[in-house]
Amino acid sequence: MPEGHTIHALAARLERAFRDEAVAASSPQGRFAADAARIDGQVFERAQAVGKHLFVDLGPQILHVHLGLIGMFHVKPLGGMPPSEPAPTIRLRLVGRTHVADLRGPMICALIDDERRSAIEARLGPDPLAAGADDERAWQRINRSRKAIGELLMDQAIVAGIGNVYRCEVLHRLQLDPFTPGQGLNLLAWKAIWQDLVMLMPLGVAFSQILTMEDQVADARAMTRTGVVREVTERVTGERLGDYFERRFHVYQRSGEPCHRCGNTLRDKKIGGRTLYWCPACQTRH
DNA sequence: TATATATGGATAA
DNA sequence: TATCCCTATATAA
């Protein structure tokens, strides 16, 4: 589930559920029990996403969460009922007056201080979802690297928040060869990548779903402009209904199938433990 | 039932 | 590059 858009949507959802309210904290699974006791009863001040990292200010404490590959943080309305019996895998449960949030399988769940938070943020590249993020900072590193752009895009120290789906899809959308070394990438190509991410990722946040297909992107943008989105998001996230849009991608998990653009057979290749999907025929630009 | 896989990343070697 | 962590789900057996 989680690329940067997921965490940004989550931060907003948590704030809507708990902001300025005292929350009860517990760790049904037990591994976070001592820390949960320290934040139990504290006021939920705010939640912020930076790349794929989530920071929650709870009184003097900062809760740091990283969902990793399989983590999930579900926020549900209580609907006037007491919270359900917690599943034994729940690392952290927060309960407020109106909502309950259950965290399972996170890569990181810890209490940290400001200094630690700053250190974590300092290691991250610009986040396309952050206002005023500086894409030039990323370019400085890309331009000096001999690693492939397909690999660099996944490096959180270069760009924060990009994961495997956005990486593969954006490169295909721009017909860029994933294996082009950073040094060999045109500045205009980088500008196009950044611009595409800045356009696409807010749609991902609004719909809690990665959208990269032209028709879906067009629909999503139109809905965003007319303000229908908020209603959709509430429905989708509050009730855990399915995705609003059909799950469709250009290349992600489509190896062996024909390219939507040129008809050639899509391929995949493991790079640094992750599967890159691309079209060898039409992704030739750099 | 067992196994593979997943939108991640740290750490060991 | 390999291994490990954490959980849920889809598919195979």
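**Note on a predicted model with DNA strands B and C**

1. The residues around DNA strand C are Gln 29, Gly 68, Leu 69, Ile 70, Ala 87, Thr 89, Arg 104, Gly 105, Met 107, Gly 272 and Gly 273; a residue is near a molecule or strand if its C-beta atom, placed from the backbone, lies within 6 Å of it. By class, this surface near DNA strand C comprises four nonpolar, six polar and one charged residues. Here Ala, Val, Leu, Ile, Met, Phe, Trp, Tyr, Cys and Pro count as nonpolar, Asp, Glu, Lys and Arg as charged, and the others, Gly among them, as polar.

2. The basis of the description should be stated early. This is a predicted model, in which local features need pLDDT of at least 70 and side-chain atom pairs count only at pLDDT 80 or more, while totals for chains, interfaces and linings use all residues. Residues are numbered from 1 along each chain as its sequence is written, and chains are lettered from A and ligands numbered from 1 in the order in which they are written.

3. DNA strand B is surrounded by 16 residues, of which the closest are Gly 68, Leu 69, Gly 163, Asn 164 and Val 165. Both α6 (164-173) and β11 supply at least two residues each to the surface near DNA strand B. That surface divides by class into seven nonpolar, six polar and three charged residues. Gly 68 and Leu 69 are listed for strand B and also for strand C.

4. Helices (H or I, at least four residues) and strands (E, at least two) are DSSP runs, numbered from the N terminus. Two strands pair if DSSP finds at least two bridges between them. One open sheet holds four strands in the order β2-β7-β8-β6, with antiparallel pairing. Because β2 (24-26) and β6 (72-77) stand at its edges with a single partner strand each, one side of each is left without a neighbour in the sheet. From one strand to the next, the twist averages 15 degrees; angles run from 0 to 180 degrees between N-to-C directions, and axes are lines fitted to C-alpha atoms, for helices over the stretch in contact.

5. The pairings within this sheet can be followed from edge to edge. Strand β2 is joined to β7 (residues 90-95) by three antiparallel bridges, and Ser 26 has Arg 93 of β7 as its bridge partner. Between β7 and β8 there are five bridges, again antiparallel, with Leu 94 partnered by Ala 101 of β8. A hairpin of three residues connects β7 to β8. At the other edge, six bridges link β6 to β8 (residues 99-104) in the antiparallel sense, and His 74 is partnered by Asp 102 of β8.

6. A second open sheet has five strands in the order β1-β3-β4-β5-β9, and its pairing is antiparallel. Its edge strands, β1 (21-22) and β9 (108-112), each pair on one side only. Within it, β4 (residues 53-58) and β5 (residues 61-66) run antiparallel and share six bridges; Leu 54 has Val 65 of β5 as its bridge partner.

7. Which strands does α1 lie across? Helix α1 lies across β1, β3 (43-50) and β4, and runs at about 165 degrees to β3. Two residues are in contact if their C-beta atoms, placed from the backbone, lie within 7 Å.

8. Helix α1 (residues 4-18) also meets α7: their axes come within 8 Å and cross at roughly 50 degrees, which makes α1 oblique to α7. Angles under 35 degrees count as roughly parallel, over 145 as roughly antiparallel, 65 to 115 as roughly perpendicular and the rest as oblique. In this contact, Gly 4, His 5, His 8 and Ala 9 of α1 meet Met 201, Gly 204 and Val 205 of α7. The contact has three nonpolar, four polar and no charged residues.

9. Helices α7 (residues 187-207) and α8 (residues 214-226) pack at about 70 degrees with their axes 10 Å apart, and are therefore roughly perpendicular to each other. Leu 200, Leu 203, Ala 206 and Phe 207 of α7 make the contact with Val 217, Ala 220, Arg 221 and Thr 224 of α8. These residues divide into six nonpolar, one polar and one charged.

10. Strands β10 (residues 267-271) and β11 (residues 274-278) pair in the antiparallel sense over five bridges, and Asp 268 stands opposite Tyr 277 of β11. Their hairpin has two residues between the strands, and Gly 272 there takes a positive phi near 55 degrees. Gly 272 is also one of the residues around DNA strand C.
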